[in-house]
Every structure is written in structure tokens, then in C-alpha cells.
Amino acid sequence: QLQASGGGLVQAGGSLRLSCAASGRTFNRYAVGWFRQAPGKEREFVAAINWSGGSTYGLDSVKGRFTISRDNAKNTVYLQMNSLKPEDTAIYYCSAGPNIASIERSYGYWGQGTQVTVSS
């Protein structure tokens with residue numbers, strides 16, 4: 001089970017840190033992906049990290065602003081979001097799967113989502 005948290009309302013240029021907490025002993029065997037869905041748009045990939053944290057990649061539009069990391073001792077993956085823009089406004093979902101990937105069907109476990117709203 002995955003629980004995403006940390007969303008909220010922030011002004012453009014601000015920062016938020018999202019957390020994805022997992023229950024279960026095998027979380028450290030899974031890659032984790034963050035996706036987001038803006039109103040009226042399809043859900044899109046944001047960033048992903050492999051099981052060990054040694055491999056990450058992300059959407060071009062968030063590179064240099066967003067950082068994904070994980071603490072397997074705490075069964076938690078983080079998405080640090082800096083220099084937020086109004087176009088980052090969306091519901092952010094975390095997901096877990098066997099391999100790091102940017103496509104939704106690679107992830108079999110999904111959290112409930114957390115709302116991020118960036119005002120201009």
C-alpha cells in the first residue's frame with residue numbers, strides 16, 4: 001500500500017516535498033515512479049527511481065527543479081520540487097513496480113494522489 005502526502009498550495013517559485021510511504025517489507029525491491037495529472041489532461045510521468053536509489057530519471061520539464069530520492073530504511077520515496085511553476089499544478093501520484101520506467105503499465109501499485117497547486 002502506498003500513501004502519498006506533502007501536497008499543498010504554494011506560490012510560483014516556491015518548494016514542496018512530496019513523500020510516498022509504503023507498507024510492507026519488500027518496498028526496497030521496487031522501483032518507484034511519480035506521475036501527475038492536471039485538470040483536463042492525461043496523467044504523465046514525472047520522475048522515477050530504481051530500488052536502490054542509484055538510478056533516477058525524470059521529465060525534461062522538471063529536470064534541475066525536481067529531485068527524486070528514497071530512504072529504504074523508512075520505506076519512503078521523496079520528490080523534492082523547487083522553483084515550482086503554475087503548470088506544475090496537478091494531482092501527484094506515486095507508484096511502485098519491478099523496474100524503473102516512465103510508462104504507467106510498468107507500475108502495479110498506486111497511491112491515492114496528493115494535490116499540488118501553484119499560484120502565479
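Begin by selecting Phe35, which counts as buried at 1% relative accessibility; bear in mind throughout that the model on the screen is predicted.

With Phe35 still selected, add Trp110 and display both rings: their centres lie 5.1 Å apart and their planes meet at 50 degrees, so this pair is classed as tilted. Phe35 belongs to strand β4 and Trp110 to strand β10, so the pair ties together parts of the chain that are 75 residues apart in sequence. Unlike a buried residue, Trp110 counts as partly exposed, because its relative accessibility is 28% and the buried class ends under 20%.

Keep Trp110 in view and bring up the side chain of Arg43, whose charged end sits over the Trp110 ring at 4.1 Å from the ring centre.

Now widen the selection to aromatic pairs in general, of which a search of the whole structure finds five. Another partner of Phe35 is Tyr107, and here the ring centres are 5.6 Å apart with the planes at 75 degrees, so the pair is edge-to-face. Phe35 lies in strand β4, which covers residues 31-37, whereas Tyr107 lies in the loop between β9 (90-97) and β10 (109-110), so this pair ties together parts that are 72 residues apart in sequence. Tyr107 is itself buried, with a relative accessible area of 4%.

Which residues should be selected to see the cluster that the ring pairs link together? Select Phe35, Phe45, Tyr57, Tyr107 and Trp110, since ring pairs link these residues into a cluster.

For another charge over a ring, move to Phe27 and show Arg70 with it; Arg70 lies over the face of Phe27, at 4.9 Å from the ring centre.

The next stop is Cys94, in strand β9. Is Cys94 buried or exposed? Its relative accessibility is 0%, and Cys94 therefore counts as buried. To see what surrounds Cys94, leave aside the neighbours within four places in sequence and select its contacts, which are Leu2, Ala4, Cys20, Gly33, Trp34, Tyr109, Trp110 and Gly111. Among them is Trp110, the residue already visited as the tilted partner of Phe35 and as the ring beneath the charged end of Arg43.

As a last step, draw a distance between the C-alpha atoms of Cys94 and Val77, which are 17 residues apart along the chain and are separated by 8.7 Å.

Technical notes
Residues numbered from 1 in each chain as written. Predicted model: local features only at pLDDT ≥ 70, side-chain atom pairs only at ≥ 80, totals over all residues. Heavy atoms only, no water. Phe/Tyr/Trp six-rings, centres within 6.5 Å; stacked < 30°, edge-to-face > 60°. Helix = DSSP H or I, 4+ residues; strand = E, 2+ residues; numbered from the N terminus. Buried < 20%, exposed > 50% of the residue type's maximum accessible area, 1.4 Å probe, protein only. Lys NZ or Arg CZ within 6 Å of the ring centre and 35° of its normal. Contact = heavy atoms within 4.5 Å.
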